[in-house]
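This report describes a predicted model of a protein. Its parts are taken up in order, from the overall fold to single residues.

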Amino acid sequence: MGDVVSVELVLDAATEALVRADWTRLAEAGLSSMAAHPSPSNRPHITLLVRPRLDAIDVADVARRLPIRVVAGPPILFRHGDRGVLVRPVEPSEELLRLHRAVHAAAPAGDDAPHTAPGEWTPHITLARRLRVQSLTDAQSLIDTELIGEAVALRRWDSRAASVTALPATQ
């Protein structure tokens, strides 16, 4: 999809630390891991909306719904050929689905990335990109089965500008 802008849910500090520990275990085992990307903008999150461009969006009403409970299960692979994206799928609770729909309702019309629009969304927390399929069992053995925490804030990621903006500021 090239350059994108996304709106993401940020996790509470304790939950973020647990996901980062997952990243570290994968990296220490010599497997693909998000730990390989040391940028300050690279932090565990749940993506709510992705588009090639996104004009100003006011999510103040959405942000007032936070924090919300997040339950993530054992890792699965979104497979692409002999590799894939290792993720913790996030339970699509009614509260989370309402929040997701509200973010999309607040955004002007646009071209949503596949699997991000309401009714198509697959909520997840990314652990690794380009993990070899043959490494899946090893990777899964390093990750705890369930993760329970909270999503506490919203942010906007602009890949073209390589910038992160805390929301609900109107940008």
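## Burial and surface

A residue counts as buried when its relative accessible area is under 20%, and as exposed when that value is over 50%. By this cut-off, 46% of the 171 residues of the protein are buried.

The protein exposes about 8,500 Å². Carbon and sulfur atoms supply 52% of that area. As for charge, the protein has 19 positive and 21 negative charges, and the mean positions of the two sets lie 3 Å apart.

## Fold and dimensions

The protein holds four helices and eight strands. Their order along the sequence is β-α-β-α-β-β-β-α-β-α-β-β. The radius of gyration is 16 Å, close to the 16 Å that the globule rule gives for 171 residues, so the protein is as compact as a globular protein of that length.

Along the principal axes, the C-alpha atoms fill a box of roughly 40 × 30 × 30 Å. Among contacts with a separation of 6 or more, 80% are made by residues 24 or more positions apart.

## Nonpolar core

In soluble globular proteins, nonpolar side chains tend to be buried together. Here the largest nonpolar core has 41 residues. Leu9, Leu86 and Leu154 have the most contacts inside this core.

Which residues does Leu86 touch, not counting those up to four places away in sequence? On the N-terminal side of Leu86 these are Leu26, Pro75, Ile76 and Leu77. On the C-terminal side they are Ile125, Thr126, Leu127, Ala128, Leu131, Leu136 and Ala139. Of these, Ile125, Thr126, Leu127, Ala128 and Leu131 fall within the range of strand 6 (124-132).

## Backbone exceptions

Most residues other than glycine have a negative phi, and most peptide bonds are trans. The peptide bond from Leu66 to Pro67 is cis, with omega near 5 degrees. Pro67 is placed in the loop between helix 2 (60-63) and strand 3 (68-72).

Two residues that are not glycine have a positive phi: His115, near 70 degrees, and Ala162, about 50 degrees. His115 is in the loop between helix 3 (94-106) and strand 6 (124-132). Its relative accessible area is 53%, so His115 is exposed. Ala162 sits in the loop between strand 7 (147-158) and strand 8 (163-167). Ala162 counts as exposed because its relative accessibility is 57%.

## Exposed loop residues

Is Ala161 buried or exposed? Ala161 lies in the loop between strand 7 and strand 8, the loop that also holds Ala162. With a relative accessibility of 51%, Ala161 counts as exposed. Ala161 and Asp3 are 158 residues apart in sequence, yet their C-alpha atoms are 9.1 Å apart in space.

Gly119 belongs to the loop between helix 3 and strand 6, where His115 is also found. The relative accessibility of Gly119 is 88%, so this residue counts as exposed. Its C-alpha atom is separated by 9.1 Å from that of Arg101, and the two residues are 18 apart along the chain.

How values were computed. Residues numbered from 1 in each chain as written. Heavy atoms only, no water. Helix = DSSP H or I, 4+ residues; strand = E, 2+ residues; numbered from the N terminus. Rg over C-alpha atoms; globule rule 2.2 N^0.38 Å. Buried < 20%, exposed > 50% of the residue type's maximum accessible area, 1.4 Å probe, protein only. Contact = heavy atoms within 4.5 Å. Areas by Shrake-Rupley, 256 points an atom, 1.4 Å probe, with all protein chains shown as cover. Lys, Arg positive; Asp, Glu negative; His and termini not counted. Charge placed at Lys NZ, Arg CZ, Asp CG, Glu CD. Core = buried A, V, L, I, M, F, W, Y, C linked by side-chain atoms within 4.5 Å.
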